[in-house]
Amino acid sequence: MKVEVFDVGQGDSFLINKQQSSRFNLVPLLVDLGPQKAKISDRLQLNNYHVLLTHSHKDHVGGFPKLYREKTIESITIPYYLPEIMEIAKFIKNKIPKNIGSLDWRKIKKIQNVNLVSHGDKLDPDIIVLNPPKSPYHYCSDLIDDERDSLQEALTILSEYGFDLDIDNIENYRTPLIFDGFDEEEYSSQARVFVHRFFIGLSKRLVGNPIESVNYYATSHLTLTANQASIVFKCFDDNGNWLFTGDADESVFHRILNEEHYFWYPRPPIAWRYNAISAKFLKIPHHGSRENINRYILECINPDVAIISHNNRKFGSSKDAHPHQEVIDLLDVLNIKSYYTNPVIKSGKTIKYETKGLVEGGILEFK
């Protein structure tokens, strides 16, 4: 297995080439496409690709429309609830229009093979998905009291905060996207629960805060929801296992660790219980944000090598750009060999240098 890491600025884009036993041998797997301005399609040498979009943020999906126009997409893999996030965004577009992605989901209908994946699904015999969970009840579980909080009360609160919502469409939500191999009624029911929990969770974030802060909390809630739906997957490989994490936050890793995991590795008849997130090679989530990884999670993964895709961008009110200093220090303290797609600059000084070319014996290539 070889992984190419593209410098797309503040964003992610990786190309996975597997061996002959994999469907990603002759047609590689492109994981995320960076922001639109990175023009990742111009840097790809082949004409055919499998595509996996970890979640809906623009720094991960921005390059998809250009790729769609210029290349052949053999298949596209997206999180179980990603279409729901995009649909939810439409409801609040008048409040936070800059946060609505440019991805036109109608084009997906032209692609023969569209895969919605969740925990336990396999992309090939040696690649297994660990997130998002199939159950929508995992979303906003830190905010919602299932016995006391109701959708009707949440929608009333959101109306008071100025949201113009289609109440009937939310209460009776039906996903607009149906895929082969899915039970339509079951999936629609789960999608409806996800949408309901999204709005209940948003109302809980807003309560007690001034109405002029509504844009901030709506934006924050969209971001957190997308991160929690982010695809996390593990690749089993003879040279060491890989863990790709998108922008998954700490709650995602804790959920995975708290569940029982029995998987065939690499294929029957051998199976055992194992730490699902352990891996030799780790793609650090969310460009090295301290909100997405901590020492406990890193020690559970126990990587030898870490990859940080970033461009020193500041988010929200944080004065420290990604990757955060705490994460950099943690990687150093744990003696994890770390590769950065761009120089890490703190207080005007370069503290880590960018990586270019082949490393790790040619297993990794930075472009």
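Is F281 buried or exposed? With a relative accessibility of 1%, F281 counts as buried. Please keep in mind that this is a predicted model. Here are some points to look at with the structure open.

1. **The stacked pair around F281.** F281 pairs with W242, and the two rings are stacked, with 4.1 Å from centre to centre and 15° between the planes. The pair joins distant parts of the chain: W242 sits in strand 10 (residues 242–244) and F281 in strand 13 (residues 281–283), 39 residues apart. W242 is also buried, because its relative accessibility is 1% and the cut-off for buried is under 20%.

2. **The cluster that includes this pair.** W242 and F281 belong to one aromatic cluster together with F14, F233 and F244. If you colour these five residues, you can follow the cluster by eye.

3. **The cavity.** The structure holds 1 cavity of 30 Å³ or more, and the largest cavity has a volume of about 40 Å³. Its lining includes F14, F233 and F244, which are also members of the aromatic cluster. The other lining residues are D12, V31, D32, T54, T245, G246 and K283. By class, the lining divides into 4 nonpolar, 3 polar and 3 charged residues.

4. **A second aromatic pair to look at.** The count for the structure comes to 13 aromatic pairs. One of them is formed by Y81 and Y139, which meet edge-to-face at 5.6 Å centre to centre, with 85° between the planes. Y81 lies in the loop between strand 5 (72–79) and helix 3 (82–91), and Y139 in the loop between strand 8 (127–131) and helix 4 (151–160), so this pair ties together parts that are 58 residues apart in sequence. Y81 is buried, with a relative accessible area of 0%, and Y139 counts as buried at 3%.

5. **Salt bridges, starting with D42 and K66.** The whole structure has 16 salt bridges. In one of them the side chains of D42 and K66 meet, at 3.3 Å from N to O. D42 is in the loop between strand 3 (29–31) and strand 4 (48–52), while K66 is in helix 2 (residues 64–70), so the pair ties together parts that are 24 residues apart in sequence. Where does K66 stand on accessibility, buried or exposed? At 19% relative accessibility, K66 counts as buried, because the cut-off is under 20%. D42 and K66 are also linked with E70 in a network of salt bridges.

6. **R174 and E185.** These two side chains form a salt bridge of 2.8 Å, N to O. R174 is in the loop between helix 5 (167–171) and helix 6 (184–206), and E185 is in helix 6, 11 residues apart. The partners fall into separate accessibility classes: R174 counts as partly exposed at 38%, whereas E185 is exposed at 51%.

7. **D332 and K352.** Here the closest N and O atoms of the salt bridge are 3.1 Å apart. The pair links distant parts of the chain, with D332 in helix 10 (residues 325–333) and K352 in strand 17 (residues 349–352), 20 residues apart. D332 is partly exposed, with a relative accessible area of 35%, and K352 is partly exposed at 22%.

Definitions and conventions
Residues numbered from 1 in each chain as written. Predicted model: local features only at pLDDT ≥ 70, side-chain atom pairs only at ≥ 80, totals over all residues. Heavy atoms only, no water. 1 Å grid on protein atoms, 1.4 Å probe; cavity = no way out; pocket = protein on both sides within 12 Å on 5 of 7 lines; lining within 4 Å. Points joined across faces, edges and corners; volume = space filled by probe spheres on them. Nonpolar A, V, L, I, M, F, W, Y, C, P; charged D, E, K, R; others polar. Phe/Tyr/Trp six-rings, centres within 6.5 Å; stacked < 30°, edge-to-face > 60°. Helix = DSSP H or I, 4+ residues; strand = E, 2+ residues; numbered from the N terminus. Buried < 20%, exposed > 50% of the residue type's maximum accessible area, 1.4 Å probe, protein only. Salt bridge = Lys/Arg side-chain N within 4 Å of Asp/Glu carboxyl O.
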